[in-house]
Amino acid sequence: TFDGNQNYREVEATYDGNGKLIVMGITTGYTAYYGLYKTDYSLIKWNGFSATDVSQPKLVCDGSTIYMGFLSRDVNTYGPRMGKGTIKESEISWIKQNSKFASSPISEGIIAYHMSLVIHNGIIYAAVDDNGKAAYSQVHVYRYENNKWHLHGENQLPYFNSVFYKSKGYF
């Protein structure tokens, strides 16, 4: 098991290049815990680390580097963010700042509702929507290259903004 002493509101998982399973659980108090498992799914390490105010974690791996994207619930750092760590034999060494999980904003000023994170050819892509409001239906896609986020594209879903609204009269 992951940890029988916690109640989790969200769980995310991924595999690294060597077949290890990494599971991230978010407690009802929005604290992140991870489990690192061998290829036979036996637990290597379970650990809470100083990532707080985390919602909707997304994990991707590139070699021994793991990236965690998430929506921050902290009023000072609200919005989509990403941090990273190194997967070692017996633990994940997360980058920290002042003993807390270090993360940087993917974009500022977005009231994000959902986020997806993928990696392709060493480039990380994050898709973030604006608050799940059908009237906006705006999706922003960013790419992480050379240690910096760049706007990759945006898409407003016209179906909800025109076709659905005209036929139903509501969003």
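**Figure 1. R73 and the ring of Y30.** R73 lies over the face of Y30, 3.8 Å from the ring centre. The structure shown here and in the views that follow is a predicted model.

**Figure 2. The stacked pair of Y33 and W46.** The whole structure holds 5 aromatic pairs. In one of them, Y33 and W46, the ring centres are 5.3 Å apart and the planes meet at 5°, so the pair counts as stacked. Y33 belongs to strand β3 (residues 32-37) and W46 to strand β4, and the pair links distant parts of the chain, 13 residues apart. Y33 is buried, because its relative accessibility of 15% falls under the 20% limit. W46, at 31% relative accessibility, is partly exposed.

**Figure 3. F70 and F101, a tilted pair within a ring cluster.** The rings of F70 and F101 form an aromatic pair with 6.1 Å from centre to centre and 50° between the planes, an arrangement classed as tilted. This pair also links distant parts of the chain: F70 is in strand β6 (residues 65-72), F101 is in strand β10 (residues 100-101), and 31 residues separate them in sequence. F70 has a relative accessible area of 3% and is buried. F101 counts as buried too, with a relative accessibility of 10%. Both residues are members of a cluster in which ring pairs link Y34, F70, W94 and F101.

**Figure 4. The salt bridge between E91 and K45.** A search of the whole structure gives 4 salt bridges. One of them joins the side chains of E91 and K45, with 3.4 Å from N to O. E91 sits in the loop between β7 (79-87) and β8 (92-94), while K45 sits in strand β4 (residues 43-48), so the salt bridge ties together parts that are 46 residues apart in sequence. E91 is partly exposed at 29% relative accessibility. K45 is partly exposed as well, at 26%. Strand β4, which holds K45, is also the strand of W46 in the stacked pair with Y33.

**Figure 5. The salt bridge between E145 and R143.** The side chains of E145 and R143 meet in a salt bridge with an N to O distance of 2.7 Å. E145 has a relative accessibility of 25% and counts as partly exposed. R143, with a relative accessible area of 22%, is partly exposed. The strand β14 spans residues 138-145.

**Figure 6. E10 and its surroundings.** E10 lies in strand β1 (residues 8-15). The side chain of E10 forms a salt bridge with R9, and the closest N and O atoms are 3.3 Å apart. The two partners differ in accessibility: E10 is buried, with a relative accessible area of 15%, whereas R9 is partly exposed at 41%. The 20% limit for a buried residue lies between these two values, so the partners fall into separate classes. The contact between the side chains of E10 and R9 is also a polar contact, at 3.3 Å. In addition, the side chain of E10 reaches the backbone nitrogen of Q56 at 2.8 Å. Apart from neighbours within four places in sequence, the residues in contact with E10 are M24, G25, I26, V54, S55, Q56 and P57. Q56 therefore appears both in this list of contacts and as the residue whose backbone nitrogen is reached by the E10 side chain, a distance of 2.8 Å that is within the 4.5 Å contact limit.

**Figure 7. The hairpin of β12 and β13.** Strand β12 (residues 112-120) pairs with strand β13 (residues 123-130) in the antiparallel sense, over 7 bridges. A112 stands opposite D130 in β13. The hairpin has 2 residues between its strands, and N121 takes a positive phi near 50° there.

**Figure 8. The pairing of β13 with β14.** β13 also pairs with strand β14 (residues 138-145), again in the antiparallel sense, over 6 bridges. The bridge partner of A126 in β14 is Y142. β13 thus appears in two views, paired with β12 in the preceding view and with β14 in this one.

Methods. Residues numbered from 1 in each chain as written. Predicted model: local features only at pLDDT ≥ 70, side-chain atom pairs only at ≥ 80, totals over all residues. Heavy atoms only, no water. Buried < 20%, exposed > 50% of the residue type's maximum accessible area, 1.4 Å probe, protein only. Helix = DSSP H or I, 4+ residues; strand = E, 2+ residues; numbered from the N terminus. Phe/Tyr/Trp six-rings, centres within 6.5 Å; stacked < 30°, edge-to-face > 60°. Lys NZ or Arg CZ within 6 Å of the ring centre and 35° of its normal. Pairing = 2+ DSSP bridges. Polar contact = N/O pair within 3.5 Å; in protein donor to acceptor, adjacent residues only side chain to side chain.
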